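Colleague: I should be grateful for a close look at a single part of this model, namely the beginning of the chain and its surroundings. Please place that part within the whole before turning to the detail.

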Amino acid sequence: MDVDAVVLDIDGVLVDVADSYRRAIVESVDRVYGQTVDDAAIQQFKNAGGFNNDWELTYAAALFVLAHDTGYDADVTAFTDAIAEAGGGLDAAEAVIRDAAVDDAAVFDRWSPDRLRDVFQALYLGADLYRDLEGGEPPFETRGYIHDEPVLIEAATIDALTDRFAVGVLTGRPAAEAEIALDRVGLSVPDAHRFTMDDWEEGKPHPRALVTLAERLDAASVAFAGDTLDDVRTAVNAAEADPDRTYHGIGVLTGGLTGEDGRRAYEDADAAAVVETVNDLPDLLS
């Protein structure tokens, strides 16, 4: 695959977030409402699209739990399928609940995104980082799941990619949390070559961030490696929005999508390639 630049997602590509972000989603809903969804459900929300922001996925999971308390009898598969049909993301999740045969006022009266976000950040960051990054006292003391993110990318891979290509980062993380992860893996990327949650409102799979990075990296052909279907869709959408450049969406099987099922899901989403790990990229690209 002939490219000028490589753009990397962080979560599930550079670091493993199964026991950090994804754990925080599950446990935040449980702490606030006393019940929650399981790990498999998190991937179903991701596959529905529009949940690049894990806070919003947490809010949507909470809506599902609260709706069940008021008589919503669909399972999480039906709920996430309905979200996908409605366009994906939190707005679609809200619309599904409002259209369901339940007392939606009772659901939304109990729904507290602000409380969920606060608990999520306390669980994920831990008390010390919460004070530093959130600028206040955490709702409880904890070590923080951010410290439980194994590095997935090898130093040799970083060297091979940065020696041969212009490298950028496109992530749904807030900028400060992206910086922590990049420092942990040892990848230095100029601010102009990063897009984080703080840099754009649309989120994946909107193509603006990837197209902007391609421009800044002065690239005619870009490979974007990510661990979700929305990452691949971002590249597909960028190719449509910017036909003068070539965009390759590469699915990585170290996030929520794994094995042959994950490979097929990526292929169905028009991935240009699927790799077992980000460390396979240097051999794939030229």
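Modeller: Within the protein chain, 70% of the contacts with a separation of 6 or more are between residues 24 or more positions apart, a contact being heavy atoms within 4.5 Å. This is a predicted model, in which local features need pLDDT of at least 70 and side-chain atom pairs count only at pLDDT 80 or more, while totals for chains, interfaces and linings use all residues. Residues are numbered from 1 along each chain as its sequence is written, and side-chain values use heavy atoms, with hydrogens and water left out.

The protein chain holds 13 helices and 6 strands; these are DSSP runs, H or I of at least four residues for helices and E of at least two for strands, numbered from the N terminus. Its radius of gyration is 19 Å, which agrees with the value near 19 Å that a compact globule of 286 residues would have. That radius is taken over C-alpha atoms, and the globule rule is 2.2 Å times the number of residues to the power 0.38. Along the principal axes, the C-alpha atoms fill a box of roughly 55 × 40 × 30 Å. Of the 286 residues, 54% are buried, meaning under 20% relative accessible area, with exposed being over 50% and partly exposed in between (1.4 Å probe, protein chains only).

The part you ask about belongs to an open sheet of 6 strands, with parallel pairing in the order β3-β2-β1-β4-β5-β6; two strands pair if DSSP finds at least two bridges between them. The edges are taken by β3 (194-195) and β6 (273-275), each with a single partner strand, so one side of each has no neighbour in the sheet.

Strand β1 comprises residues 5-8, and 4 bridges join it in parallel to β4, residues 221-226. In this pairing Ala5 faces Val222 of β4, and Val6 stands opposite Ala223 of β4. A further 4 bridges pair β1 with β2, again in the parallel sense, and here Val7 is opposite Gly168 in β2.

In a regular strand the side chains alternate between the two faces of the sheet. For β1, Ala5 and Val7 lie on one side and Val6 and Leu8 on the other; all are buried, and both faces are thereby covered.

The neighbouring β2 (residues 166-170) is mostly covered, with 4 of its 5 residues buried. From β2, 2 bridges lead to β3, which runs parallel to it, and Leu170 stands opposite Phe195 in β3.

Finally, Ser286, in the segment after α13 (281-284), returns to this region. Its C-alpha is 8.4 Å from that of Asp4, although 282 residues separate Ser286 and Asp4 in sequence. Beyond its neighbours within four places in sequence, Ser286 is in contact with Met1, Asp2 and Val3, and also with Arg164 and Phe165.
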